[in-house]
Amino acid sequence: MEDILTQAKKVAEEAEVFMVSSEEIPVQFEANRLKHIQSKQSRSLALRIVRQGKVGYSATTELGDSQRLVNNAVETAQFGMLAKFEFPSPASYPLVEVFDSNVESVSIEEMIKLGEELVAVVRGHTPEIVCEAAITKSITSARIINSRGGQANYRISTFSLGIEGSLIRDTDMLFVGETQFSCHPILESKAVSETVIQQLELAKNRASVPSQLLPVVFTPYGVASALISPLMVAFNGKTVLEGASPIGNRIGQHVFDKKLRIWDDPTIAYRPRSRPCDDEGIPSQCTPLIEQGVVANFIYDLQTAALAHTRSTGNGSRGRGGLPAPSHSAFVIAPGGTSFDEMVGDMKEGLIIEQLMGAEQGNILGGDFSGNVLLGYKVESGKIVGRVKDTMVSGNVYQILKQITAIGSDARWVGSFVKSPSLYCPSLSVASKG
Amino acid sequence: MIHIEAVGRQLAEAIKGYGNDYIEAHLEQSQTSHITYRGRELESVSQTTTSGGNVRALVRGGWGFVSFNNLDELPAKVELALKQARFVGNEESKLAPVEPVVDIVPSEMDRNPVNIPLAEKKKLLDEYNAIIWNTPKIQTSIISYGDSHKKCIFTNSLGSYIEQERADINLRLTAIVTDGTEVQQVGLSLGSRGDFSLIQGLHQQVEQMSQRAVELLSAPQVKGGEYTVVLDPVLAGVFVHEAFGHLSEADFVYENDRLREIMVLGRKFGSAELNIVDSAAIPGLRGSYKYDDEGVPATKTYLIQEGKLVGRLHSRETAARMKEKPTGNARAINYRYPPIVRMTNTYIEPGSISFEDMISDIEEGVYAKNWYGGMTSMEMFTFSAGEAYMIRHGKLAETLRPVVLTGNVFATLNNIDAIGSDLEMNQGGGCGKGAQVPLSVSNGSPHIRIRHCLVGGR
């Protein structure tokens, strides 16, 4: 890496080398049985330069061919945008614990046993369900050095345990599932199987909903599948800079319900999306996005921040191996004080949305969403009476989050990225075939 | 760059001598370039070189798989894949037999798109961006251009050795407009098998796209409910891909007894006019190839013929387990993943009705055009149109905000009651399944009419 930096400094004013390598081992079950064991080893090297004031970028997996890497970066720099930023000088990084060596030592046999347990427990509840399960462990190492002497390196361990089940009765299909992530090994499968069994219980009976406005509870999973995408785009500094964010000029204003607090946090210990610094070597920080309903901050990388005359929030991310761009680390919504049961109990007639399919296809920028309720339940007189089908909901995230009836005390992680409680909203447009 | 043909020969040696256990290996070397615009200016430009490979082993019905960028110590990788497979296997391996193939398939393009000077690519994108920025009420533009050239080597323990090259270009343009309170966007997706000239000269299309975004600002949202819906060829192509194509992928079906009952060959899915095909064997489309990633030659497969289910898409394993013929549909997005059953070029065959006749007896309906996205859960699907209009009294009426359509596959295929004569293939976009996204595919259809389709709205 140092050699490449030296080579690049000969042809460019500034340079930065980023290397990431990882090994991921998934153990996969298909149709209730162990089917695949994999080992995915990868490494790649990226070079970013500033040459005649402009940004050039290239990447390779062929670590021996540094000349080509440098030449490609120089070629792209002819057309690159003007660099408005400086690479960071040596910095001190917060202590963010994301590595547990116990992940490495979990044996394949233990991983297989976890999968067998999961499948057995879920099928013990519903014998005709067909399950796919995956147990994955991985170790990722990242290192970054730049021509201003800045450097950082860290390792992340990740473990995940998940199951998806499909239950088919004639042409009626039900899909259930849950996956948990941690930087620690997850050696207990009970929490995952219990969630799936609860979904199966609630979906046992069928219920129909009328096509009209109804009160709705989004479960944590429902929040993640319906409401998060438009917010992520709107709080991204790049969208704001372009003037395309509906909240871009509303910092300090009450745009959301007073109960709502959301932040971006890459510093939570042992979460797979945490890290001591971002992909540009900027120290990680917790960034409040919404405080008591007020728009508080947007997220930035170096270049976007410079263009917006502000500072990077440590959200530079390289996505699929490209140039860094602002990207959320973990999206955390603060819990409220109302239990899920209290929310359900409060509804005379309403809908619980656990999973919405296709919500992200609409006009995300404007906050519109519309989707098929893949998993959702009907509430009558304060009780869940059954699963709804052939039902579509449409709404606007900004209208929904302006007036929330209650925020749940049940905040939990959904996947690796979102932590959310249930949200209880007074009305949403529902279209259904009944 | 690494000489991967030499590595390919080493790998072909390394997988020999393991008796009856099946081993296959893939190697891949690709060059890509990407150019993006956000707003008036070019935002990023990058060039990437990737080389990597994998070894996949099948022992007593269990699979092991090792993928890597480091091309050294190949025999150890073969051993690891075998060791993993032995961990899993506890039954009989089943793979549909195919003849070993030794073949070298050159790229169809004489001009590798990656080698076209960046300056030439930038000039074209600058022109398109200028058109978008000439639109009144424009807020911003997003342009994403990517091209790639890939050399792939496949070898297996049965003696196959295949080198294939392919090039790919994709371009997505988005215009975002605002009137101060509302934000609307319209996008255009284009793609080709590496032929740069196919994305040139589209200035008029880009202008129309930008104008449409402005119209949407004042367009009403459709009232949610059931409508008779007419889909244009692009959206109908997405529909056939999402709503039916995924269901015909045998890996969903082969170990699921209930799904096998539903997807039993001969079952009636639609009217006698409905024919659905998947074919990688048509040359020059984004889903085309000569051999799939298991070395099986591409075929043309009828999925639905005269309204009845007559076939499905297979890998060697699913074909053997269902006692059907392999169709050459095992594809991996890259060397980091094992091949799985995927679509290629999927389309509804043309009928005989004109668009005018199709809408002439619709009292109130929706004409939905252009792709925005789509998803399926096998039974239920949703897909969204980038453009939509009301149909009133047999004629196109007001422009609508983009609509989302949803439904049950089985009911909806039965509700197709008119198929147009104007088949068009759409080359934009890509398909996702599991983590493997976006895979190059194309899909197509003539205009089709669907009765009782659920449309989301206010």
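**Group meeting: one helix, one chain, one interface**

I start with helix H4 of chain A, residues 108-125, where a helix is a DSSP run of H or I of at least four residues, numbered from the N terminus. H4(A) has 18 residues and reaches 26 Å from its first C-alpha to its last, close to the 26 Å expected at 1.5 Å a residue; the expected span is 1.5 Å times one less than the number of residues.

A note on the source: this is a predicted model, in which local features need pLDDT of at least 70, side-chain atom pairs count only at pLDDT 80 or more, and totals for chains, interfaces and linings use all residues. Residues are numbered from 1 along each chain as its sequence is written, while chains are lettered from A and ligands numbered from 1 in the order in which they are written.

Back to the helix. Which residues of H4(A) are buried? They are A:Met111, A:Leu114, A:Gly115, A:Leu118, A:Val119 and A:Val122. Buried means 20 or more other C-beta atoms within 10 Å of the residue's own, exposed means 12 or fewer, and C-beta atoms are placed from the backbone. Seen down the axis of H4(A), the buried residues fall within an arc of 125°, so they line one face of the helix; the arc is that of the directions from the helix axis to the C-beta atoms. On the other side, A:Glu109 and A:Gly124 are exposed. The buried residues pack against several elements of chain A, including strand S1 (14-30), strand S2 (33-51) and helix H5 (190-202). A strand is a DSSP run of E of at least two residues.

Now chain B. Chain B holds 10 helices and 24 strands. Of its 458 residues, 56% count as buried. Its C-alpha trace spans about 70 × 55 × 35 Å along the principal axes.

Last, the contact between the chains. How many residues does each chain put in? Chain A gives 58 residues and chain B gives 65, where contact means C-beta atoms, placed from the backbone, within 7 Å. On the side of chain A that touches chain B, S2(A) gives the most, with 10 residues. By class, that side of chain A has 20 nonpolar, 26 polar and 12 charged residues. Here Ala, Val, Leu, Ile, Met, Phe, Trp, Tyr, Cys and Pro count as nonpolar, Asp, Glu, Lys and Arg as charged, and the others, Gly among them, as polar.

Note on methods
Contact = placed C-beta atoms within 7 Å.
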